[in-house]
Amino acid sequence: MEAYYQLSVTETLERLHSSDSGLSAQAAQAAQKRFGKNILQEKKQRTRLSILLSQFMDIMILILVVAAIVSFFVGETTDALVILAIIIGNAWIGYSQEYNAEESIRMLQKMAAQQALAIRDNNPVRIEAQELTPGDIILLEAGDIVPADARLIEVSALKTDEASLTGESHSIEKTADQLQEPNLTPGDQLNMVFKGTIVNAGSAKAAVTAIGMDTELGKIAGMMETGLQKTPLQKRLAAFSKQLAVVVIIICALVFGFGLWRGEPPFQMFLTALSLAVAALPEALPAVITIALARGASRMVKQKALVRKLPAVETLGSVTYICSDKTGTLTQNIMTVEKIEAASGKESLLYNAMILNNEVRFSQDHKLIGDSTETALVEYALANGGSKEEADKTLPLAGKLPFDSVRMRMSTLHEHGNQWILFSKGAPGKIAETLSAKYQEQIPQWLKKNQEWAAEGLRVLFFAYKTFDSQPPDINEAIETDLDFLGMAAMIDPPREEAIEAIKQCKTAGIKTVMITGDQPLTAQAVAKRLHITDDGSPLAKTGAELEKLDQEAFNNEIKNISVYARVSPAQKLAIVKGLQTNGEFVAMTGDGVNDAPSLKQADIGVAMGITGTDVSKEAADMILLDDNFATIVRAVSEGRRIYDNIKKFILYVLSCNLSEILTIFIAPLLGFAMPLLPIHILWINLVTDGLPGLALVAEPAEKNVMRRPPSPPKESLFAGGLALKILFTGGIITIGALAVQCWAVQQGYDTRIQQTMVFTTLCFVQLGNALSVRSAYQSLFSSQLFANKGMWGAIVLTLALQLLIVYTPLLQPVFKTASLTREMMTVILLVTLGCVLCIEMVKRFSRRK
């Protein structure tokens, strides 16, 4: 792509085969055939059918589908229908979540200007913006949305708002002059305007250099064509499902083969193997996880965090890096005067200059409209005793000399009693040039103070004035000489106070905060220090130009140590996120502008601002902060960790029971006992006994140390931290209890149906006790938190009632293949349950000490 900002106006027009009088109708038509329409291409959308089918691609779901088909073939219709209901319900929830998640490109198209004022055949004509083509000459004025990327030819006090594209928090003063520096980011190309940005002030004539997908906005749209990122939980569950599938197949093959070797009927052994397969599968797991995430999303909304994509709820718990845009995210996106120094005895006059020397207008509801720097000056003066009405009355405007990029100052002339006074404000060096010779000794001191303030990331302006006994005949640059120094003011887009505390909490939680901005390096470094992202010993901010020089390997190594990036383009933001992911980090990206959208989409979790955020950034994000508060992210991270902890608790809970079912079915025949469980019993335990307390388990309050420990490594197995051993020990304890009950029933001479009902009820009761035990990995079941989760007790009471219902109701006994139990049988079951729960607690205490 041609670097038009490095070309002169004449060279630009030559390259574009255009002229100051614009393209002819024929030339425009030919160019349109060559370059196409000035529109953003919409990527091919996924069809409803493809989204629906993708819900059935998970290994766990495929295993359940196979189990349902086999159940139908062997006549276990009830089991099959229940499994199919789970599959369909889970698929529908996933389909609903994904269907509306791909609308970022449409939002970008809405941002495009609908019409443009172009010069064709030397006549200004208003045309559809999509009809523009490279070489067209366009006219811009305040309030316009720039319709295409263009090289400025003529400017008159032009300022543009590029915050959504580059991250700059103040208006950019434009020039038509040729720039010599190579490899400038869009934010530094001061003689260019960009599609989708807004003209704040002034007017201009420009030559269109790029349209549609070739514009900076178009490049961002192209970068958003990234694949869907899998969350840590999705990756872990995918690995778990594959491992489980292998285990199920091996167990089924072993049991079937062992049965045939013993001379058992093949069909009976096939049913037994099927029972084991059903026992091994945690049928409730997909539904429980989906409901856990939905509940977490609901809680997050109450804390001002709106989750657009359910997996994002848990993803936050694994985040190791938060890459945040500066403007509007870590800062308030409001320029604020922070320091001021007036010449001796001239404070009141300085306030009048701040109120009058600008292009600021007041709306009907008394809000300030105009350049953010100028509105900051006016607000400060008004807040410190200045009065707009009084200033206009005592110092009425007589003339104005607008700001331009050469003089880098603005002057206004006012009547002042019988005299006239000129106020000038602008860049410190440029104002210093206009001061009277009597200030020669003081100017170095003022410029030194300017450097000190600038080193703090402040934007400094100098003010000067001059009185005239008679009104100057002309208001031009010639009268801006021999001025008196009036004072200086320094501004900054200040950090959010709550962001400082949030970043401190992130450090405690083992999360690194990185600031990525399109702003100047000095400003970025100063704001980062105020936010405590960096300290005196931290590396300096890296600029986009410096990153551009690095090869991929050097780039990936460099970003390990950098906390502040400045003057970076949207493509570089995206590269930083990808580089961190390559380094094994799990990345959250926050932002509010169009420039943030590609990196929001690429990040493992994208977080957009709900108030100041553009529609594009919101559509690209996984989560939206409704209060634009960085601190809300910390609360969301805590919620994410809580959900992940609770899902691990559910997995411990459900797999320990499933393991006990497998071991009981496998060992009982070896001991000469009848088949202890039937498929319908296993399905009931897996869905009701596991499901109801499981739903209550995922609502368990967060552990006390949830934000005082590092995040779970993204590649960490679900069974890390001793979970596998806990499952083995707990499953073993429950198995011993179930076999002990069956052994007692055999000794008492009870028939197979009674034995099966006793084993079935024992597994149900012990599992309910296990549900109370796994509520905390750190505290005893009998701690003060025993009744903290009222939902758990409700689930336990309901599960007990349902279990007793299917055991003692004659109408349900044939369906669930149960028989009524005597008081003696129930006493044995309750004693075994108590013993098993105490043993499980001892295992937890031992593992905690270890």
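Which residue in β16 does Phe 423 stand opposite? The partner is Tyr 465.

This is a predicted model, so local features need pLDDT of at least 70 and side-chain atom pairs count only at pLDDT 80 or more, while totals for chains, interfaces and linings use all residues. Residues are numbered from 1 along each chain as its sequence is written, and side-chain values use heavy atoms, with hydrogens and water left out.

Let's start with β16. Strands here are DSSP runs of E with at least two residues, and helices are runs of H or I with at least four, numbered from the N terminus. Two strands pair if DSSP finds at least two bridges between them. Strand β16 has ten residues, and eight of them are buried (under 20% relative accessible area with a 1.4 Å probe, protein chains only; exposed is over 50%, partly exposed in between). Its pairings sit alongside that of β9 in this table:

| Strands | Sense | Bridges | Facing residues |
|---|---|---|---|
| β15 (residues 419-426) and β16 | antiparallel | seven bridges | Phe 423 and Tyr 465 |
| β16 and β17 (residues 484-492) | antiparallel | seven bridges | Phe 463 and Gly 487 |
| β9 (residues 321-325) and β18 (residues 512-516) | parallel | five bridges | Ser 324 and Met 515 |

Now for the open sheet: eight strands form it, with mixed pairing, in the order β8-β23-β22-β21-β9-β18-β20-β19. At its edges, β8 (305-307) and β19 (542-543) each pair on one side only. Helix α20 (residues 521-530) packs on this sheet and touches β18, β19 and β20 (564-566), where contact means heavy atoms within 4.5 Å. The direction of α20 makes about 155° with that of β20; axes are lines fitted to C-alpha atoms, for helices over the stretch in contact, and angles run from 0 to 180 degrees between N-to-C directions.
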